[in-house]
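Colleague: I am new to this structure. Please take me through one part of it closely, and then show me what packs around that part.

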Amino acid sequence: MFRRRTRIQVKSPEQIELMRVAGRLVGETLALVAAAVKPGVSTLDLDRIAEDNIRAGGGVPSFIGVPGPITPFPATLCTSVNEEIVHCIPRADKVLREGDVVSIDCGAIVGGWHGDAAVTVPVGEIAADVSKLLDVTEESLWRGMAACKVGGHLGDIGYAVESYVRSQGRYGIVEGYGGHGIGTEMHMEPFIPNVGRKGGGMLLGPGMVFAVEPMVNLGKPHTEEMEDGWTVVTSDRSPSAHFEHTVAITAQGPQVLTALDGWAERIAELA
């Protein structure tokens, strides 16, 4: 029996620039929403800010209507609080409190091309160990993106994420969920795990575009899916952090399409 080879959508330089337009709108939307995070704000309030900004910028929210096991996803953002890892639906009765952390995952389509990014934001003052969790997870994202190089391998990305997180303490790296290819669809091949073997997996080439998204728990790595068919939580109910960017692999090095400023210097520093 022959194994079917994974088909990866490869973009031209011109198409990557079109994706950068969608990516910038996502980045601007995340910055706007993150600035609105404070005690007393509901996750539905954040969702309305995001949808208004995406539509005002000429885009369409990527997540609305995505098919699910029970119902299509009904919102612009995934807003996952504390032990919620990913895919939580915004609600009017989900009100942020001092000491919470909220993962804000946002996607937008502009001209048929998708951008996808996420950030985890503290609500006021948070515990020191949770603050470190956020720092470690965000840094692991940058390490993973720096591994998105022509001539590298898919396993290098997960290896970079995993090896950095492991070096920082006893954290739970979520393995059942991860990054993905992205382009004319939100979720495309390949799946990008947040653990990996250096030099393993397919060869990376110019024109591939990935959403890299480490999810790291303060406790164990195990997860549970809730009854709504969307929300994923930590099995031990420990806090979780989630960061994501859309990154293009080019001959000039990784291009972070959803970051607003400073990304080129950060990638160069890690390279």
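Modeller: Strand 6 and strand 10 pair in the antiparallel sense, over 2 bridges. This is a predicted model. One residue pair to look for is I173 with its bridge partner V216 in strand 10. The two strands belong to an open sheet of 3 strands. Its order is 6-10-13, and the pairing is antiparallel. Strand 6 and strand 13 (240-242) stand at the edges. Each has a single partner strand, so one side of each lacks a neighbour in the sheet.

Helix 3 packs on this sheet. It touches strand 10 and strand 13. The direction of helix 3 makes about 30 degrees with that of strand 13.

Now follow helix 3 to helix 5 (residues 263-270). Their axes come within 9 Å and cross at roughly 75 degrees. That crossing makes helix 3 roughly perpendicular to helix 5. Helix 3 brings E139, W142, R143, M145 and A146 to the contact. Helix 5 brings W263, R266, I267 and L270. By type, the residues of this contact are 6 nonpolar, 3 charged and no polar.

Helix 4 (residues 154-168) leads back to the sheet. Its buried residues include L154, I157, V161, Y164 and V165. G155, D156, G158 and A160 are buried too. The buried residues of helix 4 pack against helix 3 (128-146), strand 6 (172-173) and strand 10 (215-217). They also pack against strand 8 (188-192) and strand 9 (209-212). After helix 4 comes G169, with a positive phi near 145 degrees.

Key
Residues numbered from 1 in each chain as written. Predicted model: local features only at pLDDT ≥ 70, side-chain atom pairs only at ≥ 80, totals over all residues. Heavy atoms only, no water. Buried < 20%, exposed > 50% of the residue type's maximum accessible area, 1.4 Å probe, protein only. Helix = DSSP H or I, 4+ residues; strand = E, 2+ residues; numbered from the N terminus. Contact = heavy atoms within 4.5 Å. Axes fitted to C-alpha atoms, helices over the stretch in contact; angles between N-to-C directions. Parallel < 35°, antiparallel > 145°, perpendicular 65-115°, else oblique. Nonpolar A, V, L, I, M, F, W, Y, C, P; charged D, E, K, R; others polar. Pairing = 2+ DSSP bridges.
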